[in-house]
Amino acid sequence: MRLIAYADGAARGNPGPAACGAVVLDHDGNELRRIAQAIGRGTNNEAEYRAAIAAVRAALELGATELQLRLDSQLVVRQLQGSYRVRHERLKPLYRELDTLSDQFVRFSVDHVPREQNRRADALANAALDGKEPD
């Protein structure tokens, strides 16, 4: 089964209160799972990684064998694609976890999308930061 996931992290302050949002869709664009989760204190990049991890875990739980992960964080996308090294010590374990999870798919890709195409995941992350129930 092939799924698409959008993920976004948010932090107020860097570091500061952080949250992640994600949505997993089927190939027809139907929402199968949504995630809006406060994750405590962290940086924006840590929140971006945690959002991606949450999306990948949800796709695996749904039985996906192929996943296209879409993020608006160029840093995380380029690190996952291997064109940027992971230098920050706090990001290294998150990178390794995401890399290990991605190996469980027959096919896995990660793509950068403009923020405008990632509005749903952004809204979920901000709802979690605000302590609100997501729409």
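Trainee: In this predicted model, is Val86 buried or exposed?

Mentor: Residues with under 20% relative accessible area count as buried. Val86 has a relative accessible area of 15%, so Val86 is buried.

Trainee: Where does Val86 lie, and which residues does Val86 touch?

Mentor: Val86 belongs to the loop between α2 and α3. Leaving aside residues up to four places away in sequence, Val86 touches Tyr49, Gln79, Leu91, Lys92 and Tyr95. As for Ala52, 34 residues apart from Val86 along the chain, the C-alpha atoms of the two are separated by 15 Å.

Trainee: How should one describe the packing of two helices, and what is the case for α1 and α2?

Mentor: Two packed helices are described by the angle between their axes and by the distance between those axes. Here helix α1, residues 44-61, packs with helix α2, residues 74-81, at an angle of about 60°, and their axes are 9 Å apart. The two helices are therefore oblique to each other. In addition, α1 passes α2 in a right-handed crossing.

Trainee: Which residues of α1 and α2 meet?

Mentor: From α1 come Asn45, Glu48 and Tyr49, and from α2 come Leu75, Val76, Gln79 and Leu80. Sorted by class, this contact of α1 with α2 has four nonpolar residues, two polar residues and one charged residue.

Trainee: Which residues of α2 are buried, and how are they placed around the axis?

Mentor: The general idea comes first. An α-helix has 3.6 residues a turn, so residues three or four places apart point the same way. In α2 the buried residues are Val76, Val77, Gln79 and Leu80. They cover an arc of only 165° around the axis, which puts them on the same side of α2.

Trainee: What covers the buried residues of α2?

Mentor: The cover includes α1, strand β4 (66-71), α3 (92-102) and strand β5 (107-112). As for the chain just after α2, Gly82 takes a positive phi of about 90° there.

Trainee: May α3 be read in a similar manner? Which of its residues are buried, and what do they pack against?

Mentor: One begins again with the list of buried residues: in α3 these are Leu94, Leu98, Leu101 and Ser102. They cover an arc of only 100° around the axis, which puts them on the same side of α3. The buried residues of α3 pack against α1, α2 and β5.

Notes: Residues are numbered from 1 along each chain as its sequence is written. This is a predicted model: local features need pLDDT of at least 70, side-chain atom pairs count only at pLDDT 80 or more; totals for chains, interfaces and linings use all residues. Side-chain values use heavy atoms; hydrogens and water are left out. Axes are lines fitted to C-alpha atoms, for helices over the stretch in contact, and angles run from 0 to 180 degrees between N-to-C directions. Helices (H or I, at least four residues) and strands (E, at least two) are DSSP runs, numbered from the N terminus. Angles under 35 degrees count as roughly parallel, over 145 as roughly antiparallel, 65 to 115 as roughly perpendicular and the rest as oblique. A crossing is left-handed if the near helix is turned anticlockwise from the far one by less than a right angle, and right-handed if clockwise. Contact means heavy atoms within 4.5 Å. Ala, Val, Leu, Ile, Met, Phe, Trp, Tyr, Cys and Pro count as nonpolar, Asp, Glu, Lys and Arg as charged, and the others, Gly among them, as polar. Buried means under 20% relative accessible area, exposed over 50%, partly exposed in between (1.4 Å probe, protein chains only). The arc is that of the directions from the helix axis to the C-beta atoms.
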